[in-house]
Amino acid sequence: MPPLLHQVFRPVPFCTYYRMAEIADTRLARLQPRAGFKLAAVWTYLGVLPFFVFIIAFLIFPATNLFAGAFQDAKGNFTLVNIQGLFSPYILKAYRTSLEVSLITSLSGGVLGFFVAYAITMGAAPRWVRSMLLTFSGLAANFGGVPLAFAFIATMGRTGFVTAILKSICYSAADASKVCPLDPYEAGFSLYSTVGLAVTYTYFQFPLMVLVITPAIEGLKREWREAAENLGASAWQYWWHIGFPVLLPSILGATLLLFGSAFGAYATAQALTGGSILLVTIVIGQQIRGDVLGDTNLGYALAFGMVVVMAVCIALYTVLDRRTSRWLRR
Amino acid sequence: MAFLEISGITKHFGQGAGAAVDDFSLSVERGEFISFLGPSGCGKTTTLRVVAGFEQANAGSVHINGAEVSSVPANRRNVGMVFQAYALFPNMTVAENVGFGLRVAGQPAALMQARVAEMLELIRLPDYGRRYPHQLSGGQQQRVALARALAVQPQLLLLDEPLSALDAKIRIELRSEIRRIQQELKLTTIYVTHDQEEALSLSDRIVVMNLGRIEQVGTPFEIYNYPRTAFTASFVGHLNLLPVQVTDAATGACTFEGTALASSQPAPNKQAGSARLAIRPEELVLGGAGANRLSGRVLSVNFLGNVVRVRVRVGAVELSVDMFNERKLVLPAVDAQVVLSFPAHACWLMD
C-alpha cells in the first residue's frame with residue numbers, strides 16, 4: 001500500500017529533516033564499496049543538483065531581488081520610502097485583516113481538525129469512516145484557490161443553492177408577514193466579508209489539521225492512559241498531565257502551518273471577493289500587476305513585510321517548541 | 001476468604017468469539033507471588049486486566065481484601081500495574097513519573113518528594129530523578145515503572161510481561177530485583193509471563209494457562225516434576241514422549257517397540273492400549289544402571305554451557321538427553337551406539 005499523505009506529511013522541525021537526511025546519507029555511504037566511493041559521490045551530487053538549481057533560480061534569486069527591491073525606488077536608488085509606506089493606514093489595515101483571518105482560521109480549523117482527528121483515532125468510529133475522512137482531508141487540504149472560491153459562491157453566495165434552501169424555509173408570523181429565520185444574508189452573514197473568507201479558508205484549514213495531527217494522536221500510547229488510570233488519575237487528569245503536553249509540540253507546529261497557509265493565500269480571496277477585502281496578498285497583487293496606481297517596489301516591501309511576520313511567527317514557535325518539547329531532547 | 005479471590009471469570013471479546021478467559025477461579029494469599037504462565041493468547045493478560053479493571057468480565061467476580069471490585073473503576077482500585085514496556089510518561093522526569101500517583105491524589109509536595117526518594121532508593125536509581133524516560137535504558141525504564149506502581153502503596157501488584165522487551169542479561173538481573181522488592185514489601189503480586197524460566201524462578205505458585213483455561217496450579221516444583229496435563233508437561237520444560245503400549249494399566253508397565261519398560265504410576269485412563277511415556281531429558285542417563293534401558297544411535301551433541309544436550313535416535317523416535325557439564329565429561333561421538341537408562345520413578349504415562 002502506498003503511504004497515505006498524512007504519513008508522509010508530518011510537521012517535523014527542519015532540523016529533524018536535516019537529521020534524517022544526514023542519517024540516510026551516512027547509511028548510504030556505508031553501503032558503498034570503498035573503491036566505487038568517488039563515483040557514488042558524483043552520482044549523489046548529480047541527484048541533488050536539480051534541487052539546488054531549482055532553489056537558487058526560484059527561491060534564493062527572486063527573494064534576494066525582492067528584498068533589494070523593497071529598498072529601491074523605481075529607478076533603482078536606495079530608499080526607505082517603501083518601508084515607510086508599509087505603515088500607511090491602508091496597508092496596516094491590510095496586515096491586520098490578513099493576520100486576523102489567518103489567526104481565526106488557523107485556530108478554528110485547528111480546533112475543529114483536532115476533534116475530527118481525535119474522533120477518528122481514539123473514538124469508536126468505524127474504519128471506513130476513518131479512511132474516508134483521511135482521503136477527504138488529503139483532497140480538501142489541497143483544494144484552494146479559484147475553484148474553492150467558486151464552489152463557495154455556488155453554495156453559500158447570495159444566490160447560492162444552500163442560501164436559496166435556507167431562504168425558502170419560512171413561516172407566516174402573527175401579522176401575516178413572511179418570516180424566514182434561516183436566511184443567512186438577512187442575519188448579517190456575507191460570503192464576501194471577512195467572516196465569509198474565514199468560513200471558506202476553514203474548508204482547507206481543518207483537513208490540513210486532520211492530516212497533520214492524526215499521526216500525533218495515534219502516537220499516544222494506550223499504556224500511558226492505562227498507567228495514569230491505574231495510578232488513580234481521572235480522564236481529565238490524564239489529558240491535562242500527559243495527553244495534551246505530549247501533543248503540544250505537534251499542535252503548535254500544525255497551527256503554525258495553518259497560519260502560514262492562510263497568511264499566504266491569495267487566489268481564494270481574490271476570486272471570492274474580487275479584491276474588495278484588503279489582504280496583504282491582494283494589495284501586493286494590486287501593486288505589482290502594473291495598473292496605473294501600482295508601485296512595484298512597494299509590492300516588494302509588502303512581501304518583505306510578510307516574510308518578517310512569518311519569521312517572527314517561526315521564532316515564536318521555536319521558543320514555544322523548546323519549552324514544550326524539552327522532554328524530547330537528548 | 002483469601003486476600004485476592006478471583007471466581008468464575010469469563011471474558012468474551014465480541015459476539016461469537018470464543019472465550020478469551022473461561023471460568024477462571026483462583027485464591028491468592030496475602031504476600032504471595034503468583035505467575036500466570038502460558039503461550040500468547042491463552043488469556044493470562046486478559047485475566048490480569050480484569051483484575052486491574054481495564055476489562056469488564058462477562059461473568060464472575062473479583063474480591064480484593066474482602067471487597068468486591070467488579071464495579072469499581074480502574075482508577076479507584078489501588079492496584080499497581082507494570083506494563084510490558086514504554087509505559088512511562090515521556091513528558092515527565094523520572095521523579096515526576098514516580099510521584100504521579102501521589103500528585104493526582106493531591107498529596108502534599110513534601111510527602112511526595114520523600115516517597116519518590118524512597119522509591120528511587122528501592123529500585124537503586126537514586127540519582128536518576130531528573131532524567132527523562134528516553135534517557136534511560138530499557139531495564140532502567142522498567143525499574144522506574146515498578147517504582148511508579150509501588151509509590152502509591154497498592155494492595156496488589158500486577159506485572160504484565162515486564163521483562164519481555166529486555167535483553168537476556170538484564171532480564172535475569174531485573175527478575176531477581178523484582179523478587180527482592182516483592183519480598184521486602186511482602187506485596188501480593190501477580191506476574192504474567194510466557195517465559196517458563198521466569199515463572200519457575202520467581203513464583204510461589206504458578207498458574208499454567210491454555211486457551212483461556214487453567215491447566216494446573218502449583219508450586220514450581222510441582223508444575224515441573226508432576227505436571228498433571230499433557231499441555232503443562234510439554235509447555236514447562238523439555239519433554240521426551242515415547243509412544244508405548246500399556247501392558248498393565250494398574251502398575252504402569254508398558255512396552256516400546258518390543259522393549260518392556262516400567263513406570264511408577266498407573267496409566268491415566270486405567271486401561272491397556274496405546275499411550276505415551278513421558279520423561280525429562282535430565283532423567284535419562286547414557287549407560288547407567290536405571291531399570292529401563294533403551295539402545296540407540298547418537299544424532300547430535302549440543303554444548304550449551306552448563307548442560308550438554310545429546311539427541312539420540314531410538315527406534316522411530318528421537319530423544320533428548322541432558323548431561324551436566326563437567327571438565328572430565330567425555331562427550332559421546334556422533335553415530336555411536338549408546339544405551340540409555342532411566343529409573344521407573346522418573347517417567348509417567350500420559351494419554
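# Salt bridges, a disulfide and an interface in a predicted model

User: How many salt bridges does the rule count over all chains?

Analyst: The count comes to 20 salt bridges over all chains. The model is a predicted one.

User: Why is the pair B:Arg115 and B:Glu118 called a salt bridge?

Analyst: A side-chain nitrogen of Arg has to lie within 4 Å of a carboxyl oxygen of Glu. For B:Arg115 and B:Glu118 the N to O distance is 3.2 Å, so the pair meets the rule. Both residues belong to helix α3 (residues 109-122) of chain B, where they are three residues apart, about one turn of the helix.

User: What makes B:Arg115 buried or exposed, and what of B:Glu118?

Analyst: Buried means under 20% relative accessible area, and exposed means over 50%. B:Arg115 has 12%, so B:Arg115 is buried. B:Glu118 has 46%, which lies between the two limits, so B:Glu118 is partly exposed.

User: How do you know that B:Glu177 and B:Arg124 meet in a salt bridge?

Analyst: Their N to O distance is 3.6 Å, and the limit is 4 Å. The pair therefore counts as a salt bridge. B:Glu177 sits in helix α5 (residues 168-185) of chain B, while B:Arg124 sits in the loop between α3 and α4 (138-151) of chain B, so the pair ties together parts 53 residues apart in sequence.

User: Which other salt bridge of B:Glu177 links distant parts of the chain?

Analyst: B:Glu177 also meets B:Arg143 in a salt bridge, at 3.1 Å from N to O. Here helix α5 of chain B is linked with helix α4 of chain B, the two residues being 34 residues apart. B:Glu177 has a relative accessible area of 9% and is therefore buried. B:Arg143, at 12%, counts as buried.

User: Which residues are linked in a network of salt bridges?

Analyst: The network links B:Arg124, B:Arg143, B:Glu173, B:Glu177, B:Arg180 and B:Glu184.

User: What makes A:Cys170 and A:Cys180 a disulfide?

Analyst: The sulfur atoms must be within 2.5 Å of each other. Those of A:Cys170 and A:Cys180 are 1.9 Å apart, so the pair is a disulfide. The search of the whole structure finds one disulfide over all chains. The link of A:Cys170 and A:Cys180 is right-handed, with 100° about the S-S bond.

User: Why can this disulfide be said to tie parts of chain A together?

Analyst: A:Cys170 lies in the loop between α8 (161-168) and β1 (171-172) of chain A, and A:Cys180 in the loop between β2 (178-179) and α9 (194-218) of chain A, so the link joins parts that are 10 residues apart in sequence. A:Cys170 is partly exposed, at 26% relative accessible area. A:Cys180 is partly exposed too, at 24%.

User: How do you know that B:Cys254 is in no disulfide?

Analyst: The nearest cysteine sulfur belongs to B:Cys347 and is 7.0 Å away. The limit is 2.5 Å, so B:Cys254 is in no disulfide. With 1% relative accessibility, B:Cys254 counts as buried.

User: Why is B:Ser35 called buried, and which residues does it touch?

Analyst: The relative accessible area of B:Ser35 is 0%, so B:Ser35 is buried. B:Ser35 is in strand β3 (residues 33-37) of chain B. Leaving aside residues up to four places away in sequence, B:Ser35 touches B:Tyr191, B:Ala199, B:Ser203, B:Arg205, B:Ile206 and B:Val207.

User: What makes B:Ser35 and B:Ser203 a polar contact?

Analyst: The limit between N or O atoms is 3.5 Å. The side chains of B:Ser35 and B:Ser203 make their polar contact at 2.5 Å, which is within that limit.

User: What is the area buried between chain A and chain B?

Analyst: The area is about 2200 Å², and carbon and sulfur atoms give 60% of that. In chain A, the residues that lose the most area to chain B are A:Asn230, A:Leu231 and A:Trp327, together 33% of what that side buries. The contact takes 23 residues from chain A and 26 residues from chain B.

User: How do you know that a salt bridge joins chain A and chain B?

Analyst: The closest N and O atoms of B:Arg49 and A:Glu226 are 2.6 Å apart. That is within 4 Å, so the pair is a salt bridge. The count between chain A and chain B is one salt bridge.

Methods
Residues numbered from 1 in each chain as written. Chains lettered and ligands numbered in written order. Predicted model: local features only at pLDDT ≥ 70, side-chain atom pairs only at ≥ 80, totals over all residues. Heavy atoms only, no water. Contact = heavy atoms within 4.5 Å. Buried area = accessible area lost by both parts, 1.4 Å probe. Helix = DSSP H or I, 4+ residues; strand = E, 2+ residues; numbered from the N terminus. Buried < 20%, exposed > 50% of the residue type's maximum accessible area, 1.4 Å probe, protein only. Polar contact = N/O pair within 3.5 Å; in protein donor to acceptor, adjacent residues only side chain to side chain.
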